[in-house]
Amino acid sequence: MKNLSGLFTGTTLAGSSHRFGHELTAAKPKSYVAGRNASALIHFGLAMRMVAVVLAFSTVLAAQLDPREIVRRSIATWDRGSKTGRNYSYTERDVGRHLDASGVLQSEEVDVSKTIFVNGDPFQDLVEHNGAPPTPSEARKQMEKLLKRQTETKAERAARLENEKADRAFVTEVVDAFNFRLVGEDVINGRPAYMLDVTPRPGYAPRNKRARMFSKVAGKLWVDKQDFGWPKADGRVIEPFFMGFLVARVQKGSQIEFTQTRVADGVWLPKHVGIKAHAKVLFIMSHDVDEVITFSDYQEAERAAMMSLVSRSRGPRAQ
């Protein structure tokens with residue numbers, strides 16, 4: 001604004017000087033010329049103050065952007081990322097720690113997989129289990145999954161894609177399932193973000209079975225101010241809920257944290273998922289889970305360069 005004012009001021013003064021010299025040659029009184037210049041400066045000052053008021057009012061409107069509209073735009077970004085993300089390869093590392101009721105570690109599983117493309121679709125290929133290559137048995141199971149994917153019919157592929165779409169559809173209900181309150185702003189990875197408090201919306205009737213849990217969780221959501229991605233989200237279970245066919249009951253106090261990374265303009269994909277959950281299995285056995293999933297090495301895959309896996313179908317022989 002200061003530079004803009006200086007520019008306009010310089011232009012005005014230059015024009016006034018020109019008119020000042022011209023009117024002197026026309027034998028105008030100096031008092032008349034001074035009055036004209038003063039009047040021009042006064043009008044210019046009023047105009048600049050009006051500009052300042054408009055800008056200030058616009059800033060207030062931006063700061064008071066409806067939280068639900070912020071989330072609505074973020075859902076559009078999420079949807080774009082879920083579709084575009086199918087063209088990216090990445091490495092996934094899944095660390096699962098199972099604890100007993102006393103919090104003592106019972107077992108730990110570490111799986112590392114990489115994305116390969118089968119008939120143009122991404123497929124997670126297990127490359128490491130607990131620090132070692134897959135055992136012959138694990139490799140055989142992985143190969144069976146791969147062969148099933150390679151030989152699926154058009155109808156089977158359409159059904160699989162429709163199921164994947166349905167699994168993702170529950171996220172679109174977020175806007176209607178929660179109340180949002182803008183509690184401030186934050187900077188994450190050098191990018192400004194809105195910070196929203198998220199609570200269940202009373203009376204909400206879920207349309208997707210996975211969305212049933214929404215009435216049982218609350219938390220905070222960070223939304224990037226530029227392209228409305230989700231750099232961070234924290235959630236906690238405020239009421240127990242069932243997962244599966246009444247098999248596991250997730251207990252109050254379970255937590256999940258979720259971060260995304262910006263891989264391109266307007267494209268955000270998962271970076272880190274942390275889950276600390278306490279569950280009752282079959283109403284009897286306590287089951288505590290501490291799981292961390294990280295995603296890295298995102299690379300956009302060109303359709304023409306997607307690797308053919310025909311030779312892979314002759315992979316490890318059953319032993």
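How many residues does α3 have, and what distance does α3 reach from its first C-alpha to its last? In this predicted model, α3 comprises 18 residues and reaches 26 Å between those two atoms, a value close to the 26 Å expected at 1.5 Å a residue. The helix occupies positions 67-84, and its buried residues are Pro67, Arg68, Ile70, Val71, Ser74, Ile75, Thr77, Trp78, Gly81 and Ser82.

The largest nonpolar core contains 26 residues, among which Val71, Val174, Phe178, Leu221 and Val223 touch the most other members. At least two residues of this core are supplied by each of α3, α6 (174-177), β4 (178-188), β5 (191-200), β6 and β7, and α3 gives the most, with 4 residues. A second core, separate from this one, is made up of 8 residues and includes Tyr88, Tyr90, Ile293 and Tyr298.

The surroundings of Val223 can be described in detail. With residues up to four places away in sequence left aside, Val223 touches Ile70 and Ser74, then Ala193, Tyr194 and Leu196, and finally Phe228, Gly229, Trp230 and Pro231. Of these contacts, Ile70 and Ser74 are buried residues of α3, whereas Phe228 is found in the loop between β6 (217-224) and β7 (232-237).

Phe228 also has an unusual backbone setting, which is considered here together with that of Asn119. Most residues other than glycine have a negative phi. Phi of Phe228, however, is positive, near 65 degrees, and Asn119, likewise not a glycine, has a positive phi of about 55 degrees. Asn119 is found in the loop between β2 (105-118) and β3 (121-129). The two residues are assigned to opposite classes of accessibility: Asn119 is exposed because its relative accessible area of 55% lies over the 50% cut-off, while Phe228, at 11%, is under the 20% cut-off and therefore counts as buried.

Asp197, a residue placed in strand β5, has a relative accessibility of 18%, and because this value is under 20%, Asp197 is likewise classed as buried. Its contacts, again not counting residues up to four places away in sequence, are Asn179, Phe180, Arg181, Val183, Gly219 and Lys220. For one of these contacts, Gly219, the C-alpha atom is separated by 6.3 Å from that of Asp197, although the two residues are 22 residues apart along the chain.

Technical notes
Residues are numbered from 1 along each chain as its sequence is written. This is a predicted model: local features need pLDDT of at least 70, side-chain atom pairs count only at pLDDT 80 or more; totals for chains, interfaces and linings use all residues. Side-chain values use heavy atoms; hydrogens and water are left out. Buried means under 20% relative accessible area, exposed over 50%, partly exposed in between (1.4 Å probe, protein chains only). A nonpolar core is a set of buried Ala, Val, Leu, Ile, Met, Phe, Trp, Tyr and Cys residues joined through side-chain atoms within 4.5 Å. Contact means heavy atoms within 4.5 Å. The expected span of a helix is 1.5 Å times one less than its number of residues.
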